[in-house]
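Here is a short tour of two regions of this protein chain, written to be read alongside the coordinates. Keep the viewer open and follow along.

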Amino acid sequence: MVVLNSRKLESFLRFFIGLVAVVLINIVAGTNFFRLDLTEEGRYTIKEPTKEMLHDLDDVVYIEVYLDGDLNSGFKRLQRSIRETLEEFRIYSGDNIQYTFNDPTAAMSEKARGEFMRDLMAKGIQPTNIIDNQNGNRVEKLIFPGALVSYGGTEAGVMLLKGNQAASAEEKLNQSIESIEYELASAIRELTTLTRKKVAIVRGHGELDSLQMASFTSALSQRYDLGKERLDRDLSSYDAMLIAKPQNKFSDQEKYYLDQYLMKGGKVMLLLDKLQANMDSASAPMNFAFPYDENLDDQLFKYGIRFNNDLIQDQRAASYPIVVGNMGDQPQLSLENWPFFPIVNQFANHPITRNMDAVLLKFVSTMDSIKVDGVKKTPLLFTSQYSRSVTSPVNVSVQDLRKNLTPEMLNKPHLPVAFLLEGTFTSLYKNRFKPEGINADNAIDDSDPSAKMLVVSDGDIAENEINKRTGDPQPLGFYPFAQSEFANQDFLLNSLAYMLDDGGLITARNKEVKIRPLDKVKIDREKTKWQIINLVLPVLLIIIYGLIRFYLRKKKYTGFTGE
């Protein structure tokens with residue numbers, strides 16, 4: 001006979017209900033997947049566009065990470081973050097992301113290691129030399145902080161150590177951790193996307209030629225389909241348009257086709273020099289830079305930007321060799337700061353420029369932002385705190401390097417030299433006569449809201465150096481006199497990716513992982529207090545809990561008579 005109010009039955013029912021609840025929770029959790037990120041900045045949260053891209057994968061993507069072995073604490077943290085990100089990728093892709101970690105220096109023979117490392121460098125994974133102290137000894141090791149992403153027989157190398165070179169080692173590692181999701185996700189999308197965007201490279205106005213843009217066009221061709229076009233017809237079949245350093249005048253018909261391309265929601269990257277200046281004649285004591293006449297001023301003013309006829313001088317600038325004397329019949333060269341080549345390391349808080357290294361500009365002009373309803377204007381690049389503009393005609397002569405630019409002279413800080421324009425543009429030809437010979441029956445007066453335009457007041461930003469011995473193009477951003485590489489290519493590629501990124505994948509560049517360093521002074525001052533809290537308090541709490549439980553049990557069972 002079952003006694004309904006017996007304690008044995010009550011215990012059994014509680015156990016059964018708990019068991020059923022656990023089973024139901026597991027069933028619900030198995031069919032309704034979710035992840036919970038309790039960090040303040042959401043460091044483990046994958047962006048929605050990345051999740052969608054991973055969910056849509058129809059085959060396995062293999063990722064081999066070359067960051068393993070004996071690493072110092074900083075790179076172990078980077079390795080751990082890469083592993084955590086890839087594990088999230090695997091889960092959201094339904095196991096269509098498979099990854100491994102390998103150490104390139106662990107090859108059996110020295111010859112095999114050398115061949116393997118050269119192969120990685122050819123794929124864009126560059127080595128980094130780390131120096132550490134182990135037991136008081138200086139230890140150096142070559143590591144490859146990158147990954148090889150493979151899909152359907154194709155592969156792409158990804159550098160995972162990125163960041164601003166001016167930052168400290170800890171900050172640079174932190175910036176690299178913030179960029180992991182975007183770098184891996186963009187490489188995966190690049191390999192798995194069947195239809196590629198099309199970019200038109202505009203010709204016909206003295207733009208940079210194929211050799212001058214070899215590095216940039218090579219990088220573009222890995223992501224987009226390229227075409228060389230003239231502005232003599234409708235180019236709306238292209239997703240983006242690149243105009244790099246035009247020197248000749250745009251005709252009215254060409255301006256109309258450019259205008260209507262933007263009105264149809266096109267994306268335009270305009271890299272424009274306002275003054276004609278170069279280093280070929282800079283050795284002369286009088287070498288004046290005069291304005292180009294591209295015939296674009298009224299059009300750009302309509303869109304919200306005005307170029308000024310000046311050149312910027314900046315204290316933070318690249319060096320240039322000048323002759324300072326002779327020793328016998330040999331000229332003596334000295335690297336001197338050349339203020340017309342500003343090094344830009346001040347950026348907007350924007351996905352395009354986040355965690356980016358410095359950009360090198362040459363003969364750059366100032367720009368003014370004009371209020372235009374419906375157009376959002378975001379300045380992306382700024383000069384340093386100590387800069388100024390010199391109005392045309394400007395004497396561009398290395399002889400002036402002997403003149404010191406004092407901080408009082410450099411009194412125009414943070415001048416914007418690149419703008420991103422987004423929104424609804426108004427056509428230059430709204431309520432105006434169209435150019436002669438143009439069929440304007442389908443003319444658009446106001447642009448599609450998806451239209452975007454990047455304007456940089458320096459056409460040289462996309463020009464690579466040429467090796468004078470071999471005639472081969474150097475990587476974009478490489479400056480031979482400093483033997484260093486600037487982030488010109490990263491800036492241009494990020495800008496184009498942002499303008500063409502309909503899925504919003506580039507928003508992953510906004511991820512932030514905060515550094516929370518300990519206050520050493522506070523640690524020393526409060527050390528004893530926290531030791532007591534961590535060592536004594538838990539023991540006291542357990543003793544108090546035991547006393548309370550003993551008291552309650554004693555009270556409960558002292559008056560127990562049974563039934």
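Let us start with a helix pair: H3 passes H5 in a right-handed crossing. This is a predicted model. The axes of H3 (residues 73-92) and H5 (residues 169-192) come within 10 Å and cross at roughly 35 degrees. On the H3 side, the residues that meet H5 include Phe75, Leu78, Ile82, Leu86 and Phe89. From H5, the partners include Leu173, Ile177, Ile180, Leu184 and Ile188. Counting the residues of this contact by type gives 11 nonpolar, 5 polar and 2 charged.

Both helices also rest on strands. H3 lies across S1 and S2, at about 160 degrees to S2. H5 lies across S1, S2, S5 and S6, and runs at about 25 degrees to S5. These strands belong to an open sheet of 4 strands with mixed pairing, in the order S2-S1-S5-S6. At its edges are S2 (97-101) and S6 (154-159), each pairing on one side only. Neighbouring strands are turned against each other by 20 degrees on average, direction ignored.

Now move along to the second region, around S24 (452-456). What covers the two faces of S24? On one side sit Lys452, Leu454 and Val456, on the other Met453 and Val455, and all are buried. Because 5 of the 5 residues of S24 are buried, the strand is largely enclosed by the rest of the structure.

The table sets out three strand pairings, two of them made by S24.

| Strands | Bridges | Direction | Residues paired |
|---|---|---|---|
| S1 and S2 | 5 bridges | parallel | Glutamate 64 and threonine 100 |
| S10 and S24 | 5 bridges | parallel | Leucine 270 and valine 455 |
| S23 and S24 | 5 bridges | antiparallel | Alanine 418 and valine 456 |

Helix H7 packs against S24 too, and its buried residues also pack against S9 (240-244), S10 (267-271) and H8 (297-303). H7 is mostly covered, with 9 of its 12 residues buried. Among them are Tyr256, Leu258, Tyr261, Leu262 and Met263, along with the charged-type names Glu254, Lys255 and Asp259.

Is the length of H7 what a helix should give, and what span is expected? At 1.5 Å a residue, the 12 residues of H7 (252-263) should span 16 Å, and the end C-alpha atoms are 16 Å apart, so the two values agree. After the helix comes glycine 265, whose phi is positive, near 90 degrees.

Technical notes. Residues are numbered from 1 along each chain as its sequence is written. This is a predicted model: local features need pLDDT of at least 70, side-chain atom pairs count only at pLDDT 80 or more; totals for chains, interfaces and linings use all residues. Side-chain values use heavy atoms; hydrogens and water are left out. The expected span of a helix is 1.5 Å times one less than its number of residues. Buried means under 20% relative accessible area, exposed over 50%, partly exposed in between (1.4 Å probe, protein chains only). Contact means heavy atoms within 4.5 Å. Two strands pair if DSSP finds at least two bridges between them. Axes are lines fitted to C-alpha atoms, for helices over the stretch in contact, and angles run from 0 to 180 degrees between N-to-C directions. A crossing is left-handed if the near helix is turned anticlockwise from the far one by less than a right angle, and right-handed if clockwise.
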